[in-house]
Amino acid sequence: MTPGSSISQTAQLRIEDVAAREPAETLRALMRTALFAARRQFFRYAARTISRTYEAGGMPAVLAAAPGWRKKAERYGTPSPSAMAHALDGLEPSRADELMVPALRLECDGFARDAILVCVPSGSFVTARSGYITALMARVAKAARVNACIVDYRLAPEHPCPAAVDDVESVVRELIARGQRPERIALVAVSSGAAIALSTAMRLRDVGIGLSSVT
């Protein structure tokens with residue numbers, strides 16, 4: 001598989017062969033597996049490329065190359081329109097313009113009004129929230145029947161650590177200032193976002209603010 005391609009030619013031929021003799025659900029499962037493998041392959045390639053770029057030209061070279069890497073990464077995080085529509089069904093997505101940090105709210109009138117999930121997306125600290133993560137967080141919110149707020153924290157390398165932690169902490173503190181009880185706030189994270197969420201929880205704990213949980 002080459003960097004920048006989603007599925008290798010061999011894998012595509014196998015999928016087409018299965019499609020001719022297997023039910024649709026089996027085919028969908030196979031496609032999900034192949035795309036997951038493609039994403040992992042891409043990020044392994046990206047990590048090596050970032051390292052080599054830094055060794056060759058230092059941080060200026062990394063900063064110059066970052067936009068191109070992000071554009072490639074977007075190909076590996078976009079669900080189909082129907083999958084996204086299914087995930088968001090019943091929710092009202094809106095920008096959380098009242099917060100100092102960019103964030104997306106996922107709300108439903110039937111959910112608990114006194115609790116909130118603060119979601120910290122993945123992206124290896126360098127890529128923006130993908131459509132896949134938005135759909136995943138929407139499914140989590142619906143399963144928990146709790147409104148969610150997905151934090152679009154600042155990205156490295158332009159904004160090195162702890163910028164992302166500062167952003168998530170800022171969102172939590174703003175929610176508390178607006179009347180949200182800390183014990184009814186839960187941090188929910190995916191992959192690399194877990195490091196940001198845990199760092200945020202430890203910071204808040206050290207100043208006496210205890211959240212509901214970190215998931």
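This is a short tour of a predicted model, moving from the whole chain to one central strand, two nonpolar cores and a few cysteines.

**The whole chain**

Start with everything shown as a cartoon and coloured from the N terminus. You should find six helices and six strands in the protein chain. Following the sequence, their order is α-α-α-β-β-β-α-β-α-β-α-β. Now switch on the surface: the accessible area of the protein chain is about 11800 Å², with 57% of it belonging to carbon and sulfur atoms. Of the 215 residues, 39% count as buried. If you draw contacts between residues at least 6 apart in sequence, 74% of them join residues at least 24 apart.

**Strand S4**

Next, select residues 146–151, which form strand S4. How many of the six residues of this strand are buried? Six of the six are, so S4 is largely enclosed by the rest of the structure.

Keep S4 on screen and add residues 103–107, strand S2, which runs antiparallel to S4 and is joined to it by four bridges. Within this pair, look for Leu104 standing opposite Ile150 of S4. Then add residues 112–120, strand S3, which is parallel to S4 and also linked to it by four bridges. Here Cys119 is the residue that stands opposite Ile150. To see how the chain gets from S3 to S4, show helix H4, residues 131–144: the path passes through this helix, and the β-α-β crossover is right-handed.

**Two nonpolar cores**

Switch to side chains. The largest nonpolar core contains 26 residues, and Val118, Tyr153, Val168, Val171 and Leu187 have the most contacts inside it. Elements that each supply at least two residues of this core are S3, S4, helix H5 (163–177), strand S5 (185–189) and helix H6 (193–206). Which element gives the largest share of this core? That is H5, with six residues.

Centre the view on Val171. Setting aside neighbours within four places in sequence, Val171 is in contact with Leu99, Val101, Val118, Cys149 and Val151. A second core, separate from the one just visited, has 21 residues, including Leu104, Leu106, Phe111 and Cys119. Two of these names, Leu104 and Cys119, are the residues you met opposite Ile150.

**The cysteines**

Select the cysteine sulfurs. How many disulfides does the structure hold? There are zero. Cys149 shows this well: the closest cysteine sulfur, in Cys119, is 7.7 Å from its own sulfur, too far for a bond. Cys149 is buried, with a relative accessible area of 0%. Move on to Cys108, which at 19% relative accessible area is buried too, because the cut-off is under 20%.

**A loop residue: Leu91**

For the last stop, pick Leu91, in the loop between helix H3 (81–88) and strand S1 (92–95). Is this loop residue buried or exposed? Leu91 counts as buried, at 9% relative accessibility. Draw a distance from its C-alpha to that of Cys108: the two residues are 17 apart in sequence and 5.1 Å apart in space. Cys108 is also one of the contacts of Leu91 beyond four places in sequence, together with Leu106, Glu107, Phe111, Ala138 and Lys142. Among these, Leu106 and Phe111 take you back to the second core.

Note on methods: Residues numbered from 1 in each chain as written. Predicted model: local features only at pLDDT ≥ 70, side-chain atom pairs only at ≥ 80, totals over all residues. Heavy atoms only, no water. Buried < 20%, exposed > 50% of the residue type's maximum accessible area, 1.4 Å probe, protein only. Pairing = 2+ DSSP bridges. Right-handed = clockwise from strand over helix to strand, strands pointing away. Core = buried A, V, L, I, M, F, W, Y, C linked by side-chain atoms within 4.5 Å. Contact = heavy atoms within 4.5 Å. Disulfide = S-S within 2.5 Å. Areas by Shrake-Rupley, 256 points an atom, 1.4 Å probe, with all protein chains shown as cover.
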